[in-house]
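Colleague: I have the model open and want to learn to read it. Please take me through the features one at a time.

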Amino acid sequence: MTDLDSLRRLFPPERFSLDLAFQAAFESDGLTAFREKPLAVVFPETANEVVETVRWCHDNEIPFVARGSGTSLSGGSLPVADGIVIALNRLNKILRLDPEQRIAVVQPGVVNLAVSNAAAPHGLYYAPDPSSQTICTIGGNVAFNSGGAHCLKYGMTANHVIGIQAVLATGEVVSMGSESVETIEPDYTGLFCGSEGLFGVALEITLRLLPKPEKFHTVLVGYRSLKDAGDAVSAVIDAGLLPGAMEIMDALSIEAAEAAVACGYPPGAEAVLIVELEGPREKLDHERRLLESILEQTNPFAQHIAADDDERLSIWKGRKSAFSAVGRLSPDFLVQDGVVPRKRLGEALVRIQEFSQASGLRVANVFHAGDGNLHPLIMFDDRERGALEKAEALAGQILRMCIEMGGSITGEHGVGMEKRDYLPEMFDADSIDFMHRLRAAYDPKIIANPGKMFPGAEAPALSTHGLHPLEKAGVISRE
Amino acid sequence: MDDLKDIVRGKYRIVPVGNQSKPPLSRSFAQTHRLVSLRELSGVIEYEPSEFTITVWAGTPVREIISILKDQNQYLPFDPMLANSSTIGGTVASGLSGPGRFRYGGIRDFILGCQFLDGQGTVINSGGRVVKNAAGFDVPKLLVSSLGRLAVMTQMTFKVFPCPGPWLTLAARCENHEEALQRVSVAACSRWELDAIDYQASSRTLLLRLAGDPEVTGAIAKDVEKVMRCEFQHWSDEQSIRHWQSVNDLNWESELVGDEIVRWKSPTTPKCFLNWANWADTLEGVSVYGSGALTTTWGIAKSSLIDRVPDILAKTNNGLLLNGPYDGHEGYLSPLVTSNIQKDIKRAFDPEGQLVLCQH
């Protein structure tokens, strides 16, 4: 049993916890199927305390998991057995916001939306907008290269992070990038983003801010078939438009959203498409005419254009609530995050339907149609014997389908715990071996979030509890 | 590819090059390494306009890629520099994004996947071929600006966008550099979605590039003039294309041409750019040009003045040499200090040092 006294001495008593009941709050994250109790939880308030903690872990060969708000949907911030959790929520300061340079320097525990709120008075915002943005933290966003609904046009978190100061798993503190978007060295900042906590812990993150779009043109379109909705997306793309967002929901997810938030989507729709243009008013006045003429040709049976901001938010409310809403239809569910080439979306949905029928499990579909990122929601009831295993098998079929179609096992949630066994199906052995070598450069002792991303280690105890508590409370909704 | 693998595994240390349009990046190693050109690894592997992705061999000329995309009304939003003389591999390896990066981003924001040979000649695949992918480490980003010193890139996949439309270039004289900085800031924070925000220091000329339907850009241009409260020249198409081509060729200063001219790139903040600009004002034979709202400083100078560069480096950032008879410190204006992790990463790619070693 490791002697934690020397770790305990780094913190005042109220910021070091061995209490099992207290730790229950940290034993899972957004992937509620897995639970693991850590040895201890520490609550640093300064970058120096984080550095000292990581160095202690390195010297004592104790694994650690850095954690923000624990909203990871892939089990990325699940604790490790015999390891500690470094809870970063108290490192929550926006250290600097420079509107002239359009950057913000933040600590990892800063909530995503807080950055945009701070930038708003200057007419700026922070673009990456995962649905959990009212509570997820920038540190977590960096670790998982979080996405959102606007990735096609604006990219992911990594495209908005231009500098990181971090403590690596070796204890070395490094500064990557700078306050300029330009660089003359390899992009170490870009590599750190999406490394899922396997390299170390970010201490300060330099974000780039964008001018807020002046105007939005948001359209909700109802279709009698998923195929029609998919074809509409292709038509918009082929016309040369670059919408800020394009989202599709199928009948089951519409039903769920309607029951949860009364979003008022067209009754009888087999699919709805949300298309959002954004930009200067002069450009939008021109593009909206083109969009309208395109959509007219795509066989919609209903169309609603948001007349103002309230209506725009109302259109989005249904989409943003979809995951949590499905959780009300079903005691348990798994959410997937695969990507397929956009032209194969229709085919993918047909195959998912076939998998669903064969398994006897219902699957609701919500997806970022603009970038081919699917979110099948596999519904099951864990009280039924073997239901979880059936759901996992179905999830595996979907992941394999994505790989076979030339896509990805994850568009934005990351590999984490959930999909680690599928990474070798996406990358060959030499490429996986290289990733191990690269990881070992940062973490030779394999103490930074071990057991994630790569297959191999024992999985923690499986149990299913449906919606994350914050979802049940309506504080967050999933992407 | 098999030949290339054999060469990487062979007894000589190597430096991969494309067209060698940026000699300072490889010349330092000519005595100790074999320069291996990837020009023959050329061509489009997969292009799906509706997917917004293109996969190409590293030795493909950039102008060929631009032409193929243009036929489908698409383009590379990172606006690759030296497009007429470079391969795409060389562009990624030297990290040369141009003025158009202001609108949507640089190479790092559009590279989706990369296949490369590690130092042992093993083929490694990283990233993917779809526009959204969070699986595995984002090694494609790391390889941007890696100068061929970590790996030998063989294939890369990019996200592409629809062409934004014809250019409208607005040019305005500024009283001084400080006024230019202030105007750049207003433009960069504006609602206008500008395509490029550049500044030619020697002539004190602010350049705002709009791209889109002429009705749209014309209307926005009116608002630009109103908000900025200054008169802009609307350049003709010919003048506009000539200027942006000259920037792309790093030839904006017609008096500074020839083999004895040194060219470089430096990452800057606007305040850093101001230091470069003020320094250039004190010397005859130096010109600096700011792109991307002054986040990139391009410099050209007579090679006889290169010993004056260290004076200014204390107040700016390091730079990457791109052309001319001066090699600097293995292609950098001042020596790089390499951290432990950078050395360890290098070893992960190239355990036996077949590529350029970290020297410091």
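Modeller: Start with one pair: the side chains of Glu214(A) and Arg191(B) meet in a salt bridge, 2.6 Å from N to O. The pair crosses between chains. Glu214(A) sits in the loop between strand S12 (210-211) and strand S13 (215-223) of chain A. Arg191(B) sits in the loop between H6 and strand S11 (196-200) of chain B. Helices (H or I, at least four residues) and strands (E, at least two) are DSSP runs, numbered from the N terminus.

Colleague: What should I know about the model itself?

Modeller: This is a predicted model, where local features need pLDDT of at least 70, side-chain atom pairs count only at pLDDT 80 or more, and totals for chains, interfaces and linings use all residues. Residues are numbered from 1 along each chain as its sequence is written, chains are lettered from A and ligands numbered from 1 in the order in which they are written, and side-chain values use heavy atoms, with hydrogens and water left out.

Colleague: What counts as a salt bridge?

Modeller: Side chains of opposite charge can pair when their charged atoms come close. The rule asks for a side-chain nitrogen of Lys or Arg within 4 Å of a carboxyl oxygen of Asp or Glu. Over all chains, the count comes to 49.

Colleague: Is Arg191(B) buried or exposed?

Modeller: Buried, with a relative accessible area of 17%. Its partner Glu214(A) counts as partly exposed, at 30% relative accessibility. The cut-offs are under 20% relative accessible area for buried, over 50% for exposed, and partly exposed in between (1.4 Å probe, protein chains only).

Colleague: Which parts does the salt bridge of Arg15(A) and Glu49(A) tie together?

Modeller: Arg15(A) lies in the loop between helix H1 (5-8) and strand S1 (16-17) of chain A, and Glu49(A) in helix H3 (residues 47-60) of chain A, so the pair ties together parts that are 34 residues apart in sequence. The closest N and O atoms are 2.7 Å apart. Arg15(A) and Glu49(A) are both buried.

Colleague: How far apart in sequence are Asp2(B) and Lys5(B)?

Modeller: Three residues, about one turn of helix H1 (residues 2-9) of chain B. Their side chains meet in a salt bridge of 3.8 Å, N to O. Asp2(B) counts as exposed, at 54% relative accessibility.

Colleague: Which residues are linked in a network of salt bridges?

Modeller: Lys153(A), Lys283(A), Asp79(B), Arg103(B), Glu193(B), Asp195(B) and Arg209(B).

Colleague: How is the size of an interface given?

Modeller: Often as the accessible area lost when the parts come together. Buried area here is that loss (1.4 Å probe), summed over both parts. Between chain B and chain A it is about 6,300 Å², of which carbon and sulfur atoms give 59%. In chain B, Lys132(B), Phe137(B) and Arg191(B) lose the most area to chain A, together 14% of what that side buries.

Colleague: How many residues does each chain give to the contact?

Modeller: Chain B gives 73 residues and chain A gives 84. Contact means heavy atoms within 4.5 Å.

Colleague: What polar and charged pairs are found across the interface of chain B and chain A?

Modeller: The rule finds 11 salt bridges there. One joins Asp371(A) to Lys132(B), with the closest N and O atoms 3.6 Å apart. There are also 33 residue pairs in polar contact, both at pLDDT 80 or more. A polar contact is a pair of N or O atoms within 3.5 Å; within protein, one must be able to donate a hydrogen and the other to accept it, and residues adjacent in sequence count only if both atoms are side-chain atoms.

Colleague: Which element gives the most to the side of chain B that touches chain A?

Modeller: H11(B), with seven residues.

Colleague: How do I read a nonpolar core?

Modeller: In soluble globular proteins, nonpolar side chains tend to be buried together. A core is a set of buried Ala, Val, Leu, Ile, Met, Phe, Trp, Tyr and Cys residues joined through side-chain atoms within 4.5 Å. The largest has 136 residues, of which Leu374(A), Leu423(A), Phe137(B), Phe158(B) and Phe349(B) touch the most other members. Helix H14 (residues 387-404) of chain A gives the most to this core, with 10 residues. Another core, of 46 residues, lies apart from it, with Trp192(B) and Trp276(B) among them.

Colleague: And what does Thr55(B) show, buried or exposed?

Modeller: Thr55(B) is buried, with a relative accessible area of 2%. Thr55(B) is found in strand S4 (residues 53-57) of chain B. A polar contact of 2.8 Å joins its side chain to that of Thr157(B).

Note on methods:
Buried area = accessible area lost by both parts, 1.4 Å probe.
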